[in-house]
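Reader: I've got this model open and I'd like to learn how to read its sheet and its helix packing. Can you walk me through it?

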Amino acid sequence: MEISVTVNGSARSADVEPRMLLAHVIREEFGLTGTHVGCDTTSCGACTVLLDGSPVKSCTMFGVQADGREVTTVEGLADAAGLHPVQAAFEKEHGLQCGFCTPGMMLVGAALLERNPDPTEDDIRWAIAGNLCRCTGYMNIVKAIQTAATAKAAATAKAAAPAAVTA
């Protein structure tokens, strides 16, 4: 079945089996290997992507269900200006160890900050509750998302500030 999906801002199409999972479409058809497959049961969250801006577990969603929709993978967080604030904060705050869960955690964090630009620690922990990390105690992941929230707020304030007049 032919599907058309906007992936990380680019129109993509693929001829896929109706039973092919979205995670496999992303990895095998589109070559975006940042989406990881860990458990195949939605328990770990390593396969998390954003579908129309909302986190979904791509290991139990069929690729055909994404037809006509927008998918964002971890590769799509960065833009021409550089890393997304969540990506930069994960690096700064050591929010990863082995990196297997990191793409899903980053995408959940980015989606949270779009909905709630000033989340509490409880908000962050609730948002990432569907994503498992087997390496850390989650402290640096939470700290990274808090740091990203602060960075996004500073960037928004800077963009909203009137330009300085020079003589």
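Reader: Let's start with the sheet. In what order do the five strands lie, and is the pairing mixed or not mixed?

Author: Keep in mind that this is a predicted model. To read a sheet, list the strands as neighbours rather than by number. Here the order is β2-β1-β5-β3-β4, in an open sheet with mixed pairing.

Reader: Which strands stand at the edges?

Author: Look for strands with a single partner. β2 (10-15) and β4 (54-57) each have just one, so one side of each has no neighbour in the sheet. Going from one strand to the next, the twist averages 40°.

Reader: In what sense do β3 and β4 pair, and over how many bridges?

Author: Pairing is read from the strand directions and the bridges. β3 (residues 48-51) runs antiparallel to β4, with four bridges between them. If you want a spot to zoom in on, leucine 51 has serine 54 of β4 opposite.

Reader: Which strands does α1 lie across?

Author: For a helix on a sheet, ask which strands it covers and at what angle. α1 (residues 22-29) lies across β1 (2-7), β2, β3 and β5 (70-72), and makes about 105° with β2. α3 packs on the sheet too: it touches β3, β4 and β5, and its direction is at about 35° to that of β3.

Reader: On to helix pairs. At what angle do α2 and α3 pack, and how far apart are their axes?

Author: A helix pair is described by an angle, an axis distance and a handedness. For α2 (residues 85-92) and α3 (residues 102-115), the angle is about 125° and the axes are 9 Å apart. That angle makes α2 oblique to α3. The crossing is right-handed. On the α2 side, Val86, Gln87 and Phe90 make the contact, while α3 brings residues including Met105, Met106 and Leu113. By class, this contact has six nonpolar residues, three polar and no charged.

Reader: And how do α3 and α5 cross?

Author: Same recipe. The axes of α3 and α5 (residues 139-160) come within 10 Å, crossing at roughly 40°, which means α3 is oblique to α5. This crossing is right-handed. Met105, Gly109, Leu112, Leu113 and Glu114 of α3 meet Ile141, Ile145, Ala148, Ala149 and Lys152 of α5.

Reader: How many charged residues are in the contact of α3 with α5?

Author: Two, alongside seven nonpolar and one polar.

Notes. Residues are numbered from 1 along each chain as its sequence is written. This is a predicted model: local features need pLDDT of at least 70, side-chain atom pairs count only at pLDDT 80 or more; totals for chains, interfaces and linings use all residues. Side-chain values use heavy atoms; hydrogens and water are left out. Axes are lines fitted to C-alpha atoms, for helices over the stretch in contact, and angles run from 0 to 180 degrees between N-to-C directions. Helices (H or I, at least four residues) and strands (E, at least two) are DSSP runs, numbered from the N terminus. Angles under 35 degrees count as roughly parallel, over 145 as roughly antiparallel, 65 to 115 as roughly perpendicular and the rest as oblique. A crossing is left-handed if the near helix is turned anticlockwise from the far one by less than a right angle, and right-handed if clockwise. Contact means heavy atoms within 4.5 Å. Ala, Val, Leu, Ile, Met, Phe, Trp, Tyr, Cys and Pro count as nonpolar, Asp, Glu, Lys and Arg as charged, and the others, Gly among them, as polar. Two strands pair if DSSP finds at least two bridges between them.
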